[in-house]
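Let us take a friendly walk through this structure, with its aromatic rings as our guide. Have a look at the model below, and then follow along.

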Amino acid sequence: AVVLNAVNEDQAERSATHLAVLAAILDAMGLDDEAVVVLHVGGVYDGVPQARARFLRRYEGLPEGVRRRLALENDDRRFSFRDVWDIHRGCGVRLVFDTLHHQVLNPERIPWTEALTLALSTWPLGVIPKVHVSSPRTELRPTAAGARVKMPTWTEHSDLVNPFEFITILRQTAGLRPFDVMLEAKARDLAVLKLREDIKRFAPEWVGRVA
């Protein structure tokens, strides 16, 4: 796993090497600046401020050709959008906004449209920003032993994307800078096809406006 802010220097060095390889692959494919490697900040270890500072220091120590391929995403357990925004302000790394993670971890109570707008602003002009959208799993499931029922954690991705939530996102971001959406759903391509059908049924005015 890539953990750039690891306390262990060997692990951090391996992570930096791995990122360099990924960046070289994207370069060799001739991809433009929209092709990025998405990272999480990593572990908390000795505290959030120290972990943020360590990520910042390690990021700044990477070659420029690697840094230009990286983007940082807010997560659902340790580092909220405010954390990654503070890191961005320190080093300029692009931010990928994750809608579900922001719902799960947002102690600062930053409105999601405000957070999204800030994240979009971190991408260079002429480069389309990336946003992650997903819905949480809601069903009850038996445990491995089958004797108990597992309650939803709200952090796991569902098979499909809730069309009403997605349509709300479209409507509430209509005036913002255009961005690409990555659907994080267990059904993969089927989730995309189903969402297109749902938009056509429930919000036909968006057909043709969503590629």
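A good place to begin is F97, which is buried, with a relative accessible area of 1%. What you are looking at is a predicted model. F81 counts as buried as well, because its relative accessibility is 2% and the cut-off for buried is under 20%.

How do rings such as these get described? A pair of aromatic rings is characterised by how far apart the centres are and by the angle of the planes. The structure holds 4 aromatic pairs. In one of them, F81 and F97 meet edge-to-face, with 5.9 Å from centre to centre and 80° between the planes. This pair links distant parts of the chain: F81 belongs to helix α4 (residues 81-91), while F97 lies in strand β3 (residues 94-98), and the two are 16 residues apart. W85 joins them too, and F81, W85 and F97 form one aromatic cluster.

Now move along to another pair, F164 and F202. Their ring centres are 4.9 Å apart and their planes stand at 55°, so this pair is tilted; an edge-to-face pair would need planes over 60 degrees apart. Here again distant parts of the chain are linked, with F164 in helix α7 (residues 163-172) and F202 in helix α8 (residues 189-202), 38 residues apart.

Are these two rings buried or exposed? F164 counts as partly exposed, at 49% relative accessibility. F202 is partly exposed too, with a relative accessible area of 32%.

Terms used: Residues numbered from 1 in each chain as written. Predicted model: local features only at pLDDT ≥ 70, side-chain atom pairs only at ≥ 80, totals over all residues. Heavy atoms only, no water. Phe/Tyr/Trp six-rings, centres within 6.5 Å; stacked < 30°, edge-to-face > 60°. Helix = DSSP H or I, 4+ residues; strand = E, 2+ residues; numbered from the N terminus. Buried < 20%, exposed > 50% of the residue type's maximum accessible area, 1.4 Å probe, protein only.
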